[in-house]
Amino acid sequence: DAEEVQDFVRAAGNCDFDIDISYQRIVIDAKSILGVMGLGMSKELTVKYGGKNNAFENVLCKYACA
């Protein structure tokens, strides 16, 4: 839903490192609300990042399925 996407993108935007979301062959910037809305949060997505931000990781855990 739109609130979940906004919550996730807001948390990603507060990070000072790159965050990528991928689904099959598609890779988008997690800080792009349009990109994340285009993928949707109902699919199994892979999130890759190379930094540490506890607030972002808490939001990520909220939506993680594994």
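Start by selecting N53 and F56 in this predicted model: the backbone nitrogen of F56 lies 2.9 Å from a polar atom of the side chain of N53. N53 itself sits in the loop between β3 and α3. Keep N53 selected and add A55, since there is a second distance to look at here. A side-chain oxygen of N53 lies 3.1 Å from the backbone nitrogen of A55, and in this way N53 caps the N-terminal end of α3. Now show what else surrounds this residue. Beyond its neighbours within four places in sequence, N53 is in contact with N14, C15 and F17.

**Along helix α3**

Next, select residues 54-63, which make up helix α3. Which residues of α3 are buried? Colour F56, E57, V59 and L60 to see them. Turn the view until you look down the axis of α3: the buried residues fall within an arc of 160°, so they line one face of the helix. A general rule helps here: an α-helix has 3.6 residues a turn, so residues three or four places apart point the same way.

Now give a second colour to N54, A55, N58, C61 and K62, which are exposed on the other side of α3. To see what covers the buried residues of α3, display α1 (2-13), β1 and β3, which are among the elements that do so. Stay with this view a moment longer: α3 lies across β1 and β3, and it runs at about 170° to β3.

**The sheet**

Hide the helices and look at the strands. Three of them form an open sheet in the order β2-β1-β3, with antiparallel pairing. The edge positions belong to β2 and β3, each with a single partner strand, so one side of each has no neighbour in the sheet. Neighbouring strands here are turned by 25° against each other on average, direction ignored.

Take the two pairings in turn. Select residues 19-23 for β1 and residues 46-49 for β3; these strands pair in the antiparallel sense over four bridges. To find one spot along this pairing, click on D20, which stands opposite K48 in β3. Then select residues 26-29 for β2, which also pairs with β1 in the antiparallel sense, over four bridges. Here, click on Y23, whose bridge partner in β2 is I26.

**The turn at Q24**

Between β1 and β2 there is a loop, and Q24 is found in it. How many residues lie between the strands of this hairpin? There are two, and Q24 takes a positive phi near 55°. That positive value occurs in a residue other than glycine. Switch on the surface as well: Q24 is exposed, with a relative accessible area of 72%.

**L45, beside the sheet**

Move on to L45, in the loop between α2 (33-39) and β3. Is L45 buried or partly exposed? Its relative accessible area is 23%, so L45 counts as partly exposed. Draw a distance from L45 to Y23: although 22 residues apart along the chain, their C-alpha atoms are separated by 5.3 Å. Leaving aside neighbours within four places in sequence, the contacts of L45 are I21, S22, Y23, L39 and G40.

**The nonpolar core**

Bring the helices back and select F8, I19, I21, A30, V36 and F56. Of the 16 residues in the largest nonpolar core, these touch the most other members. Which elements give two or more residues to this core? They are α1, β1, α2 and α3. The greatest contribution is that of α1, with five residues.

For a close look at one member, centre the view on A30. Apart from neighbours within four places in sequence, A30 is in contact with F8, V9, A12, I19, I21 and V36.

**Last stop: the start of the chain**

Finally, go to D1, in the segment before α1. D1 is exposed, with a relative accessible area of 61%. Draw one more distance, from D1 to S22: these residues are 21 places apart along the chain, and their C-alpha atoms are separated by 18 Å.

Conventions. Residues numbered from 1 in each chain as written. Predicted model: local features only at pLDDT ≥ 70, side-chain atom pairs only at ≥ 80, totals over all residues. Heavy atoms only, no water. Pairing = 2+ DSSP bridges. Buried < 20%, exposed > 50% of the residue type's maximum accessible area, 1.4 Å probe, protein only. Arc of directions from axis to C-beta. Contact = heavy atoms within 4.5 Å. Polar contact = N/O pair within 3.5 Å; in protein donor to acceptor, adjacent residues only side chain to side chain. Axes fitted to C-alpha atoms, helices over the stretch in contact; angles between N-to-C directions. Core = buried A, V, L, I, M, F, W, Y, C linked by side-chain atoms within 4.5 Å.
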